[in-house]
Amino acid sequence: MEEIKDPFARKLATRIERLPVNASFSEKSIMSSCVKPLIQSSQNPVVLLHGFDSSCLEWRYTFPLLEEAGLETWAIDILGWGFSNLERTKSCDVASKREHFYQLWKSYIKRPMTLVGPSLGAAVAVDFAVNNPEAVENLVLIDASVYAEGTGNLAKLPRAAAYAGVSILKSFPLRLYIIFLAFKGVSFDTGLDWVNIGKLHCLYPWWEDATVSFMISGGYNVSRQIDQVKQKTLIIWGEDDQIISNKLAVRLHCELPNSIIRQIPDCGHLPHVEKPDSAARLILEFLQNYSCQKKAQLAPTEEVVY
């Protein structure tokens, strides 16, 4: 953290906690990292996931905006990434990630949530919502990576080759290239700082094992689950996403039975990092409209007597 200049990242990092979560695939509780809400709202909580091989620090700009608006907001590290203690946890496949998140939700969040998933986090959110519909009231999917066929041929790599590939994944040049691909108009100094933020969790000794476990398991393949999503869904997309075409945003909108779509101009792959004000505003508007619709449905209709 001493090398990180971004004050928003430094501030959010001070709020990261580890909560014990029990799971069937782990002999001992998994000390699981997250940022807990400062307030408890009468509305259902908003729970923020992150993208592939990232952490809750991805929400450093948008998290405080949602909290300032009065939302009960959590930021959760997906099992295998982020800052959880995985010293005794060997399994980080899709089923393990789903069970771990469910047990965390059941133990601490305890209410239906608005689940927000950016990039690969959208696949995590779709998989979770379909398998645990009682836990998810509605969804927000941001530049969603939901049409990839898992980790593809990487799942077939010999373990030694997988570890070699993972070591490249945390390399500084690759991460810097991804930063400039994902965002529009980022300065070189900002890009360097964002690389340090993005690879901070890679310094843990269990990161390679967890990432290889996910890679060789096959990863997320949720394209056939999309039409099973019943929750009201907001799709947010950066119009200039160079990683996932916004044509897939239109496809997702067509395939999700109960969704609306909003695009953010002059924005790349991660709007909640690049355009936090716009991302927060769209989430807040979506929740306000959803709340109004819900109240209207619950309101008793007046009987007219002639």
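This is a dialogue about reading the features of one predicted model.

Trainee: Before we start, what kind of model is this, and how are its residues numbered?

Mentor: It's a predicted model, where local features need pLDDT of at least 70, side-chain atom pairs count only at pLDDT 80 or more, and totals for chains, interfaces and linings use all residues. Residues are numbered from 1 along each chain as its sequence is written, and side-chain values use heavy atoms, with hydrogens and water left out.

Trainee: Okay, the sheet. In what order do the strands come?

Mentor: General idea: helices (H or I, at least four residues) and strands (E, at least two) are DSSP runs, numbered from the N terminus. Two strands pair if DSSP finds at least two bridges between them. Here, eight strands make an open sheet with mixed pairing, in the order 1-2-4-3-5-6-7-8. Strand 1 (16-21) and strand 8 (259-264) are at the edges with a single partner strand each, so one side of each has no neighbour in the sheet. On average, neighbouring strands of this sheet are turned by 25 degrees against each other, direction ignored.

Trainee: How many bridges join strand 7 to strand 8?

Mentor: Six, and strand 7 (residues 232-238) runs parallel to strand 8. For a spot to look at, find Leu234, which stands opposite Ile260 in strand 8.

Trainee: Which strands does helix 3 lie across?

Mentor: First the rules: axes are lines fitted to C-alpha atoms, for helices over the stretch in contact, and angles run from 0 to 180 degrees between N-to-C directions. Contact means heavy atoms within 4.5 Å. Helix 3 (residues 94-109) lies across strand 1, strand 2 (30-35), strand 3 (46-48), strand 4 (73-76) and strand 5 (113-118), at about 100 degrees to strand 1. Helix 9 (residues 247-255) lies across strand 6 (136-142), strand 7 and strand 8, and runs at about 170 degrees to strand 7.

Trainee: Let's pick a residue in the sheet. Is Ala75 buried or exposed?

Mentor: Buried means under 20% relative accessible area, exposed over 50%, and partly exposed in between (1.4 Å probe, protein chains only). Ala75 lies in strand 4 and has a relative accessible area of 0%, so it's buried. Leaving out residues up to four places away in sequence, Ala75 touches Cys34, Val35, Leu48, Cys56 and Phe63. Its C-alpha atom is separated by 5.8 Å from that of Val47, and these two residues are 28 residues apart along the chain.

Trainee: And what about phi at Asp143 and Asp266?

Mentor: Asp143 has a positive phi of about 40 degrees, although it is not a glycine. You'll find Asp143 in the loop between strand 6 and helix 5 (159-169), and at 0% relative accessibility it counts as buried. Asp266, also not a glycine, has a positive phi of about 55 degrees. Asp266 lies in the loop between strand 8 and helix 10 (271-274) and counts as partly exposed at 43% relative accessibility.

Trainee: Now the empty spaces. How many cavities are there?

Mentor: On a 1 Å grid over the protein atoms alone, a cavity is a set of points where a 1.4 Å probe fits but cannot get out, and a pocket is an open set with protein on both sides within 12 Å along at least five of seven lines; lining residues have an atom within 4 Å of a point. Grid points are joined across faces, edges and corners, and a volume is the space filled by probe spheres set on the points. The count comes to two cavities of 30 Å³ or more. The largest holds about 80 Å³, and of its 14 lining residues, Ile78, Leu79, Lys97, Phe101 and Val124 are closest to its centre. Helix 3 gives the most to that lining, with five residues.

Trainee: Where does Ser84 fit in?

Mentor: Ser84 is in the loop between strand 4 and helix 3, and at 1% relative accessibility it counts as buried. The lining of the second largest cavity includes Ser84, His201 and Trp206.

Trainee: And which residues lie nearest the centre of the largest pocket?

Mentor: Among its 40 lining residues, Gly51, Phe52, Asp53, Ser119 and Ile178 lie nearest the centre. The largest pocket has a volume of about 1000 Å³, and helix 6 (172-182) gives the largest share of its lining, five residues.
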